[in-house]
Amino acid sequence: MSFATTHTATLLKYGGISFIAGAVNHGMFSESRSLITAAFGVCFYLLGSWLEMRLQDAQRLSWAYVLGVGIVSSIGLGFFTGGLQHFPDSPDRSVWVVPLGFALSLLAMVTHMVQLPRRKMRTPAIALAQRPSRAP
């Protein structure tokens, strides 16, 4: 995957999360404009996720899976980051938005990790821990 493509996918994903976070904390519950902003954020996140998965070609996932996990993940991360950012401004909203966002993002991540092949789940720390020790 080229740098430009990777960068574009990353920008779309994180830009989408930013749109959702802004919409949540700047009137999502009172203005229709914020709902439109959040919808754009979900679309950007999904497009970035699709681009990333398509180019990695790690696994052929269904659109239902991409949409489901992508929407839950983007809304969860948006709730979490937006709620943390604006906790001093709106603690009444943040007190439930942050835990809900954390739970949604955790659910999406666990669902995604279950779908990945086992070899993709190995982190460098796990790989180092599994290396045979050398006898002195």
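This briefing walks through the fold, the buried cores and a handful of individual residues of the protein chain. The model is predicted, so please read everything below in that light. The protein chain has six helices and zero strands, and its pattern along the sequence reads α-α-α-α-α-α. Of its 136 residues, 31% count as buried.

**Overall picture**

- Among contacts in the protein chain between residues at least 6 apart in sequence, 69% link residues at least 24 apart.
- The protein chain exposes about 8900 Å², and 67% of that area comes from carbon and sulfur atoms.

**Helix H1 and its buried side**

- Helix H1 covers residues 3-25, and its end C-alpha atoms lie 33 Å apart.
- That distance agrees with the expected span, because 23 residues at 1.5 Å a residue should also give 33 Å.
- The buried residues of H1 are Ala9, Leu12, Lys13, Gly16, Ile17, Ile20, Ala21, Ala23, Val24 and Asn25.
- Lysine 13, in helix H1, is a charged residue worth a look: with a relative accessible area of 16%, lysine 13 counts as buried because the cut-off is under 20%.
- Leaving aside residues up to four places away in sequence, lysine 13 touches Phe44, Tyr45, Gly48, Ser49 and Glu52.

**Nonpolar cores**

- The largest nonpolar core has six residues, namely Ile20, Val24, Val42, Leu46, Phe79 and Val97.
- H1 and H2 each supply at least two residues of this core.
- Apart from that core lies another, made of five residues, including Met53, Tyr65, Val69 and Ala108.

**Threonine 37 in helix H2**

- Helix H2 runs over residues 32-56 and holds threonine 37.
- Threonine 37 has a relative accessible area of 26% and is therefore partly exposed, a class that lies between the buried limit of 20% and the exposed limit of 50%.
- Not counting residues up to four places away in sequence, threonine 37 touches Phe19 and Ala23; Ala23 is also one of the buried residues of H1.
- The C-alpha atoms of threonine 37 and alanine 21 are separated by 9.6 Å, and the two residues are 16 apart along the chain.

**Helix H3 and the loop after it**

- Serine 73 sits in helix H3, which spans residues 63-85.
- With a relative accessible area of 10%, serine 73 is buried.
- Serine 73 touches Tyr45 and Ala108, not counting residues up to four places away in sequence.
- Tyr45 also appears among the residues that lysine 13 touches, and Ala108 is a member of the five-residue core.
- Serine 90 is found in the loop between H3 and H4.
- Although it lies in a loop, serine 90 counts as buried, at 18% relative accessibility.
- Serine 90 and histidine 26 are 64 residues apart in sequence, yet their C-alpha atoms are 9.9 Å apart in space.

**A nonpolar patch on the surface**

- Phe87, Val95, Trp96 and Leu100 form a nonpolar patch on the surface.
- Together these four residues have about 370 Å² of accessible area.
- One of them, leucine 100, lies in helix H4, residues 91-115.
- Leucine 100 is partly exposed, with a relative accessible area of 34%, which means it clears the 30% cut-off for patch residues.

Note on methods. Residues are numbered from 1 along each chain as its sequence is written. This is a predicted model: local features need pLDDT of at least 70, side-chain atom pairs count only at pLDDT 80 or more; totals for chains, interfaces and linings use all residues. Side-chain values use heavy atoms; hydrogens and water are left out. Helices (H or I, at least four residues) and strands (E, at least two) are DSSP runs, numbered from the N terminus. Buried means under 20% relative accessible area, exposed over 50%, partly exposed in between (1.4 Å probe, protein chains only). Contact means heavy atoms within 4.5 Å. Accessible areas come from the Shrake-Rupley method with a 1.4 Å probe; for residues, only the protein chains shown count as cover. The expected span of a helix is 1.5 Å times one less than its number of residues. Patches are made of residues with over 30% relative accessible area and no salt bridge: like charges are joined within 9 Å, nonpolar side chains (Val, Leu, Ile, Met, Phe, Trp, Tyr) within 5 Å. A salt bridge is a side-chain nitrogen of Lys or Arg within 4 Å of a carboxyl oxygen of Asp or Glu. A nonpolar core is a set of buried Ala, Val, Leu, Ile, Met, Phe, Trp, Tyr and Cys residues joined through side-chain atoms within 4.5 Å.
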